[in-house]
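Visitor: I would like to learn how to read the surroundings of a ligand and the empty spaces inside a protein. Could you take me through an example?

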Amino acid sequence: MNIIEIRDNVFLLNTLHTSYLFKLNEHDHLEHVHYGSRVLPEDHDALSVKHWTGYGTTIMYDEKDQTYSLDHIPQEFGTYGKGDLREPSLEMECKGSYTLDLTYDSYEIIDGDTKIEGLPNAYGCDRTLLVHLKDVHNGIHLDLYYAVYYDTDVISRRCVLINRSGSTVVLHKLLSYCLDLSENDLTLMSFTGAWNKEAHLTETDLERGKQVVESRSGFSGNKTNPGFIVRKDNTTECNGKAWGFNLVYSGNHYSSVAKDEYGVLRIQGGISPERFELKLKNKESFCSPEAVLSYTENGLNDLSAHFHDFVNEHIVRSDWKKKERPILINSWEAFGMKFTKDSLLKLAQNAKELGIEMFVLDDGWFGRRDSDLRGLGDYDCNRRKIPGGIRSLSKSIHDMGLLFGIWVEPEAINPDSALYEKHPEYALNENERGLLLGRHELLMDLGNAEVRDYIVENVTKLIDENDVDYIKWDMNRLMASLSGIENHDYIKGLYEVLERIFIKRPWVLLESCSSGGNRFDLGMLCYSPQIWASDDTDPVERLDIQKGLSYLYPVSAMGAHVSASPHSMTFRTTPLETRFHVAAFGAFGYELDLGSISSLSKKEIKEQVSYYKKHRSTFQFGRFYRIDEESDYEVFEVQNEEETIVAKFRRIVHAVPSFDKLCVYGLKEDRVYAVDAREFNHNIKKFGNLLNYVTPVQLNTEGLLVHSISKRRGFKEGTQNYRASGRALRYGINLNNLFLGSGFDRHLRLSLDYGSDMFLIKEVNDESGKEE
Ligand code: GLA
């Protein structure tokens, strides 16, 4: 296994299926050569962009070499001032000049990981290459780190700037990496959105010019996730080349993808340079966060698999690494802040009866918090709502045999709170023009050690004194006017707080949340094995959100719950089975009042919970595929050695649908598989007047009788069982037809708007003819 090969000034980093190659050229610069499929060191010459005499206006690096301009050289790190007119990855002012010329000094190979001062990074790398660069004219040094995560096909990059100039310098921008790719016909896939619309896939043709993926809200943000993909135009889920990028960072980020006049793409990313200004004294240094890069030539599902394995293997820590997550019931969409101890216990009791494993008390349990106007910053339990306090509630929940989780929002403070009355200075007054509130909140000043201690003390007390098993860590206040460095210090303060609380309590399951998925990033995943993907729990909307996130993050990292229908935001009515089928592709739970649903719904939920438990490890840790064979459907698949599960999500039904297929990826072609659809009950009210075709007496289908029967009895469609080879399933088998308004028989499937089917696929054992 040649992880790092260095020969004749050629540096080759290998992962299982990819190679990253650069070389030291005749001008002592690191010249990027290749990031793609596995190659040999000897290939460097053939793979290199050839040096050439530029057009007349080109600035030459050295008058003696008329074939060498930095503007034409693919580089490992772009700087300003010596002829490279593309966007630099580093901008700083040293002794009145912005010019930098970083040339090679030496390299080291480090076995395993390195640590970044004040920032989380991935762990468990196989080897790290450290290349020292320096500017011989001004004493500025730059260390480039390349960490190889061999099995997951990931290479990470980061750098450290060290000032040895003898005087103070001003740093304006230090990105984590720069990659100059000489490739044509490319598309940028970014994941953009808003509150309740996180991670929607946005595709942009990469023409001449610059595309930017950035966040300016103080967090990695829901407007644009820091992760993005550059793919060949013709790449699909199963075929073709793609390069993926992400950052282990939760603050303001910036990545740019710029195509120059020769078609070379400069891709670079890191901390946002906006309003970033840091004075670095002599001998001081500044570390960039770690950036994560991956490449595939086998389509987007394969690229996602690299990222999923990487997150599960090298980002998530704690006892919950690769451990099945409990099914939870959360009180938020059930009760909001209006609850009593009795209503909470009733919800927990109902959940227990249905097989749910953890009860989570959401917002509203502390201080004067009856609305989001007040209370944040306080940790005393509101005993009017919960007599006996959290300890007694937690005990009752544990006595029922459930785990106990609780919501906190420690980074924010309401001006109307006991804490603010006592310590107004704990709040970060972002704006000298008066209080600037967002959801009636201010930020806590995490740059202040006393504030960090206050949070650590209160959250650890809450956990330790009440035997808390799970924390939902929320954050709902964005940043409006902090400078770049203040934002960075805030994020470092947050990491310190999370480190002090959770690294010492690895048994506590942390779910991070920020008004839904406003901080869905690899930095947070270093502390919280799962993140609440969105406050939008409408399953139709969730399909886009979870699909978008799935390009970069594994199913086990995405909090996803079944909520009530009609949905509280979209007012859309969706079938219970679809709400389950969507949430099952996530760290799964329920978030609705189980006391106000029909006995039929309870029965259905009980079956869902037991189905999920049976297949939980496949859902959470199986290999995930997006199946892109049918445009009318969204199709998700998870697969492990034992089984495969595919869910087909229909959007709008047509009266004359096309014949419906099932296509499955990743099976062994020559094996035979049994395919069984998950059975569930349809609510009979869905059938409206059609009921009168099958009942002996005439019914008023909107009347009380039908309403009351519908609460107890459902209608099961015919069972669907198929048998086919892996090859036929990859091609796509025909499913039973959809009901078209007449002639129902038990082989027909029912079509409904937002309906869905879930199939379990298992290999058939040859001798017995039975499923394995
Ligand atoms: C945020 C979260 C929600 C819920 C509320 C409580 O919006 O994203 O899930 O916890 O806060 O106020």
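Guide: We will look at the ligand and its shell, and then turn to the cavities, keeping in mind that this is a predicted model.

Visitor: Which residues come nearest to the ligand?

Guide: One begins with the residues that have a heavy atom within 4 Å of the ligand. Here there are 13 residues around the ligand, and those that come nearest are Asp362, Asp363, Lys472, Asp474 and Asp535. Sorted by class, the shell holds 6 charged, 4 nonpolar and 3 polar residues.

Visitor: Which polar side-chain atoms lie within a few Å of an oxygen atom of the ligand?

Guide: For a polar contact, one looks for a pair of N or O atoms within 3.5 Å. Asp363 places a polar side-chain atom 2.6 Å from a ligand oxygen, Lys472 has one at 2.8 Å from an oxygen atom of the ligand, and an N or O atom in the side chain of Asp474 is 2.9 Å from a ligand oxygen. On its own the ligand has 310 Å² of accessible area, of which the protein covers 96%.

Visitor: How many cavities of 30 Å³ or more are there, and what lines the largest cavity?

Guide: Rolling a probe the size of a water molecule over the atoms shows where empty space is left. In this model the count comes to 10 cavities of 30 Å³ or more, and the largest cavity contains about 120 Å³ of space. Its lining consists of 13 residues, with His29, Leu30, Gln75, Phe77 and Leu102 lying nearest the centre of the cavity; by class, the lining of the largest cavity comprises 6 nonpolar, 4 polar and 3 charged residues.

Technical notes. Residues are numbered from 1 along each chain as its sequence is written. This is a predicted model: local features need pLDDT of at least 70, side-chain atom pairs count only at pLDDT 80 or more; totals for chains, interfaces and linings use all residues. Side-chain values use heavy atoms; hydrogens and water are left out. A polar contact is a pair of N or O atoms within 3.5 Å; within protein, one must be able to donate a hydrogen and the other to accept it, and residues adjacent in sequence count only if both atoms are side-chain atoms. Accessible areas come from the Shrake-Rupley method with a 1.4 Å probe; for residues, only the protein chains shown count as cover. Ala, Val, Leu, Ile, Met, Phe, Trp, Tyr, Cys and Pro count as nonpolar, Asp, Glu, Lys and Arg as charged, and the others, Gly among them, as polar. On a 1 Å grid over the protein atoms alone, a cavity is a set of points where a 1.4 Å probe fits but cannot get out, and a pocket is an open set with protein on both sides within 12 Å along at least five of seven lines; lining residues have an atom within 4 Å of a point. Grid points are joined across faces, edges and corners, and a volume is the space filled by probe spheres set on the points.
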